[in-house]
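Work through the exercises below with the sequence and the structure at hand. Each task is followed by its solution.

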Amino acid sequence: MEILNSKIFGENQSATPLLVFHGLFGMLDNWGSFGKDLGEYLPVHLIDLRNHGRSFHSESMSHDDLADDIAHYMDHYGIQKAHVLGHSLGGKAVMQFAIRYPEKVEKLIVVDITPKAYPPHHQGVIKALESVDFNTVGSRNDVEAVLSQYIPERSTIQFLTKNLYWDDNKKLKWRFNLKTLSEKYNEFVSNAIKFGVFEGETLFIAGEKSNYILPQDEFGIKQQFPKAKIVTIKNAGHWVQAENPVDFAAVVKVFLGIG
């Protein structure tokens, strides 16, 4: 069983650890400053989901796969119980994990996503990524030029190109497994998480300018997470932790009773 790649802050802290999972096409590095900050209070594991970052590649990418990966990770590190936090796709992973393995979860934090199915909405990004021909591009700038033909937002392009690296043959490559992520996209985005109930303490964090968590979603959230509280972070869109890191970290600290 392969174990997810991670970076750990605050290893010597004795409190319940916090496991953090990024979103689609993200990687643990996106959460570095957050990990460093909270690592002052408790052990923080920033973790690459399968098919992302430096974690293993697989042809399978269901919510159950992601949940089982978290369980195996905890077993590997001898963690009995943890707080788990996930953003977007990582949020779906931690919701499924909490429902499947409630005994392993102390507190659950879900960032800007709900348990429901979402219509496909990354087609433009996937088309852009698939348009990059690594046989012809010779630099990061070349890759950015290709992406910019499809993606208007500079911030999205920068986010995606963080995943570039040079392989042993001196060729640029993506760290994420684009083939599986595009083939299995509907399985993990356009599917709701499986029905089940997690009775533990749960916090949903929404971005004020994002439409991922709508007022009418509260009913569905409470059906599966009856103790859920929903907090909205001002001046932030879907990338809540990047767009308003100060308020985001403050809300998480209050919920976890630290700082």
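The exercises cover the domains, the pocket and the cavity.

This is a predicted model, in which local features need pLDDT of at least 70, side-chain atom pairs count only at pLDDT 80 or more, and totals for chains, interfaces and linings use all residues. Residues are numbered from 1 along each chain as its sequence is written, and side-chain values use heavy atoms, with hydrogens and water left out.

**Exercise 1.** State the domains and describe how domain 1 and domain 2 meet.

Solution. Begin with the bounds, which come from an automatic or database domain assignment: domain 1 is 6–118 + 186–256, and domain 2 is 122–175. Next, take the spacing: their C-alpha centres lie 26 Å apart. The contact (heavy atoms within 4.5 Å) takes 10 residues from domain 1 and 9 residues from domain 2. Then turn to buried area, the accessible area (1.4 Å probe) that two parts lose on being put together, summed over both. The two domains bury about 920 Å² between them, and 62% of this is on carbon and sulfur atoms. On the domain 1 side, Phe-25, Met-27 and Asn-30 lose the most area to domain 2, together 50% of what that side buries.

**Exercise 2.** Describe the largest pocket and find what lines it.

Solution. Start from the terms. On a 1 Å grid over the protein atoms alone, a pocket is an open set of points with protein on both sides within 12 Å along at least five of seven lines, a cavity is a set where a 1.4 Å probe fits but cannot get out, and lining residues have an atom within 4 Å of a point. Grid points are joined across faces, edges and corners, and a volume is the space filled by probe spheres set on the points.

The largest pocket has a volume of about 690 Å³. Of its 27 lining residues, Ser-155, Thr-156, Phe-159, His-238 and Trp-239 are the closest to its centre. Finally, look at the domains: domain 1 and domain 2 each give at least three residues to this lining.

**Exercise 3.** How many cavities of 30 Å³ or more does the structure hold?

Solution. The structure holds 1 such cavity. About 90 Å³ of space lies in the largest cavity. Its lining includes Leu-24, Lys-92, His-121, His-122 and Tyr-212.
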